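User: I should like to learn how to read the interfaces and domains of a multi-chain model. Please take me through one example step by step.

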Amino acid sequence: MNIKFVARKILASFLTLLAITFVNFAIFRMVPGDPIRMMFKDPRVSIEDIEAMKVKYGLDKPMMGQYINYMKNLAKGELGISFWQKKPVGKVIAERIPRTLGLIGLSLFLAVVIGTILGAVAGWKGGSKTDSAIMGISMTLYSVPSFAFGILLMLAFAYHFAIFPLGGIETPASGFTGIRKIFDIARHMVLPSFSIVLWYIGQYILITRSSMKDVLSQPYIVTARAKGVRERRILTRHALRNAFLPLITITGVNIAFMTGGIIEAETVFSWPGLGRLFYDAVMKRDYPLLQGCFLVFAVAVVILNFAVDLLYTRIDPRVRINGEAVNEG
Amino acid sequence: MSLLEVKNLCVDYEMRRGTARAVNNVNFTLEKGETLGLIGESGCGKTTAAMSILGFVTSPGRIAEGEVIFKGKNLRNFTDEQMRQLRGMSMSIVRQEAQNALNPVLTVGEQIGEVLREHGIRNKIDVEDRVDSLLEMVGISPERKKSYPFEFSGGMRQRVMIALAAIAEPELMILDEPITGLDVIVQRQLLNLLNDLKNKMNLTALLIAHDLSVIAEMCSRVAVMYGGFIVEKADVVDLYEKPLHPYSKALIESYPRIHGEKKKLVSIPGSPPHLLSPPESCLFAERCKKATEKCFRCIPEETIIDSRMVRCHLYSEEECNV
Amino acid sequence: MRVNSYKLQKAGDFWAMFFSHRMGRTGFLIFCFFIFLALFAPILRTVPPEISGSADRILTGPDGISWLGTDDLARDVWSQVIFGSRVSLIIGFVTAIITVFTGTLVGLVAGFKGGIVDEILMRIVDFFMMLPHLPLMIVLAAVMGASIWNIVIVISIVSWPSTARLVRSQVLSLKERPFVEAIRCLGANDITMMMSEILPNVFPVMFAQGVLMVTETIYAESVLSFLGLGDPTTISWGTMLHFCFESGAMARSPWWVFPPIVCIVSLIISFSFLGTAVTDILTPGYKEKMGY
């Protein structure tokens, strides 16, 4: 692996993280009016209490001092206290992370596997009936918001057919343990993960297809045919591998966009993950919690992007050897 | 028996606004060990003709008429799989050096060896030995087979392409502008390399170029293409000394001579014909100084004069029967 | 999906190609339908959308008075739906214009000036593209308060960078073209060059990007409204779904759920189709392939 490339990426990610902390700090100071008053829209809170809070949060100091203070707290892992849950924000968020990771992991895996296959087929059979069918379906899927899929799936499979639960992560007070508990959670996962898969897969198919078509028009595909390489091998060895390269880059760019689908799906199905927490924080106007959630989402996007970059260096020999993509055509 | 016989080949491109005939009634033969040159401006159909030999005419193009007979068998009756077996093994192609003519994510060794592996030669050591010796033959050190295409210069990549086309010692090699787009010194080296290979392997080749000097280096016979037709076929020297077709003459006059008297370069007036619904006449008539009224009335037939072929009304007595 | 930069020689050719493109035609028809709804909403409506009916008309199914039934405040769903099309279209177009304008400006300057200016602008663009879109929109909307114009601003803040990026790469490739070099040799100054040569060739990209932005905005507005961040005084399809979802009456009142979903989806689809058609037509080689 190219050290220079990785070092540059680490530096860039670090700077991005720094900038994100600043944005995260600044947005919540831009609140029109007094931030503390915004946080407590409760008339029972007295002026003295607010002043005390101001000192506690360091809001009586100048902007720069406040930011340094915020960073110090961040370094200690302190994100403030959630007004709604009356618990440290860090703690509230931490218990939600695994649930969201589970949901997104499963959905992303399904979407990528199915999407790649369908997209590659559509691109490979460009212009055929199969192609236009896949194209039409994916453009339709692409146009439906994740929450709309959620509502439709819920109406169909939770209300009408009552096959799957309405929401939540497990049946309340069921007392399930061991394998039955896992099965119960899996059942609760089906609808939310499908609403994410359906939402993301359309876009993924479209990208794979166009990437595939682009690759198939490249001269090296003609070269491979002229060599007498079997069609299947042209697909797997020559086309797919090259089609993956832009796909990986675009997947990286899309991570920032994907966060949306998770919030929508978790909200509809009350999946107690980060997305639903975000929604609840908005509804309850719990600013410290909202600020913490946003930070977690933003940091996750940066980390995932970094991971995608590393993956890219492993697959593209041009980056592996030169430290940057050689622009060829 | 000739190695390759192209008879009456016609290739059409179906467009929304009509049909363009890119290759029109093309006839030529290639004897074993012979190199035939095919010359013409860009867009005259020479590449399409070559690609249809390999069975590479894809929609919206199609072979409308004619036969391609390779070793006595009509390739138009071959299945896709039979054609695939043939490609790389019995006939191969070197195309103009292009970015991405080699797969950017596979090593050159892998890409050269793939020709053999895909045609049933699975023994790893055999394949590797063969790759090494081919790389050496084209002047690349065998250790570099682990490199990727982007680590080579354009000339080197073209050497790889030649190795790739030659590894299975095919009976027919199509050289489609193999040295175009490279700098002059590299062109010279590649020409020498190709000539070497030709002698060593007793290659039969079809060389496509737009420059007669390149053809003269390698071929004894040459066919001149214009607007999808072969308008003249002759020995290279004969054509050069005494071109019959006005287009051949114009083509020769438009290139500088290295030897012999200095002459003014003359460009050909007008532009190449538009192949979408062409007129039923000689396609060169519009640009031809010697054109007569007959030239605008019908397409000239092939005429044989002193074992040369020419398609021009100046040399035929026949009247238009339209 | 590469869009090339050649000037369209004839506007007539463009429209001919557009209407012979199946997706372009379908998209255009659906789009016209919604424009019709939006324009004539006051005539087409039955009861004004924000007016609650009497208590016995809460959650009634479709009938002669309310063609698509009523919601939990006995408001007319049909009227809400047709007035909702106004919100979506206005927000969609205004935001698209703002983002395309901002993005193009940044992209032009970055691509044209190059050097340190380019470097700084592109780092900013990269940074914005790295921020999680919906969370950023939610946070901004929550902080700024709910109103139509805040939603426009919020979506614009998040969406301009992709246009900037695209326009910049287009400008960079144009700068390499011989004709630009030629007029530079003729002594044209930067502004003249930008106006006369670069900008007209960037238009196709801007147009395609504008169509894309409309879809993304309609989408974003519906999501924000669904999450309860919409303008509470204006009824949009997203807010309808928000109220419906929160009311808990979703399963009992299909007439309330389906119309807004169908509208959101078909309007977005129509713009996706339009976008695909435009991109196809502007792709180099399409014209020749189709034989125009």
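User: Over residues 4–252 of chain B, what are the shares of helix and strand, and how far apart are the end C-alpha atoms?

Analyst: A preliminary remark: this is a predicted model, in which local features need pLDDT of at least 70 and side-chain atom pairs count only at pLDDT 80 or more, while totals for chains, interfaces and linings use all residues. Residues are numbered from 1 along each chain as its sequence is written, chains are lettered from A and ligands numbered from 1 in the order in which they are written, and side-chain values use heavy atoms, with hydrogens and water left out. Helices (H or I, at least four residues) and strands (E, at least two) are DSSP runs, numbered from the N terminus. Over residues 4–252 of chain B, 36% is helix and 28% is strand, and the end C-alpha atoms are 28 Å apart. UniProt, in an unreviewed entry, gives this range the annotation "domain: ABC transporter". UniProt positions are given in the numbering used here, feature names are shortened, and annotations may be inferred rather than shown by experiment.

User: Which residues of chain A does UniProt list for "domain: ABC transmembrane type-1", and what is the helix content there?

Analyst: The unreviewed UniProt entry lists residues 97–312 of chain A under that name. Over this range the chain is 83% helix and 0% strand, and the end C-alpha atoms are 26 Å apart.

User: How should I read a contact count, and how many residues of chain A and chain C are in contact?

Analyst: Contact means heavy atoms within 4.5 Å. By that rule, 48 residues of chain A are in contact with 42 residues of chain C. Buried area is the accessible area (1.4 Å probe) that two parts lose on being put together, summed over both. Between chain A and chain C this area is about 3900 Å², with 81% from carbon and sulfur atoms. A:Met139, A:Ser143 and A:Phe147 supply 15% of what chain A buries against chain C, more than any other three residues.

User: How many salt bridges and polar contacts are there between chain A and chain C?

Analyst: A salt bridge is a side-chain nitrogen of Lys or Arg within 4 Å of a carboxyl oxygen of Asp or Glu. A polar contact is a pair of N or O atoms within 3.5 Å; within protein, one must be able to donate a hydrogen and the other to accept it, and residues adjacent in sequence count only if both atoms are side-chain atoms. Between chain A and chain C there are zero salt bridges, and five residue pairs are in polar contact, both at pLDDT 80 or more. Several helices of chain A each supply at least two residues to the side that touches chain C, among them H1 (3–29), H8 (178–216) and H12 (287–315). H10(A) gives the most to that side, with nine residues. The side of chain A that touches chain C divides into 36 nonpolar, nine polar and three charged residues. In this scheme Ala, Val, Leu, Ile, Met, Phe, Trp, Tyr, Cys and Pro count as nonpolar, Asp, Glu, Lys and Arg as charged, and the others, Gly among them, as polar.

User: What do the same descriptors give for chain B and chain A?

Analyst: The contact takes 29 residues from chain B and 25 residues from chain A. The two chains bury about 2600 Å² between them, 53% of it on carbon and sulfur atoms. B:Asn100, B:Val105 and B:Phe150 supply 26% of the area that chain B buries here, more than any other three residues. The count of salt bridges is five. The side chains of A:Lys227 and B:Glu114 meet in a salt bridge at 2.8 Å, N to O. In addition, 16 residue pairs are in polar contact, both at pLDDT 80 or more. Helix H3 (108–117) and helix H5 (154–166) of chain B each supply at least two residues of the side that touches chain A, and H3(B) gives the most, with five residues. By class, that side of chain B has 13 nonpolar, six polar and ten charged residues.

User: Which domains does chain B contain, and how far apart are their C-alpha centres?

Analyst: Domain bounds come from an automatic or database domain assignment. For chain B this gives domain 1 (4–83 + 171–268) and domain 2 (91–167), whose C-alpha centres lie 25 Å apart. The contact joins 22 residues of domain 1 of chain B to 17 residues of domain 2 of chain B. Between these domains zero salt bridges are found.
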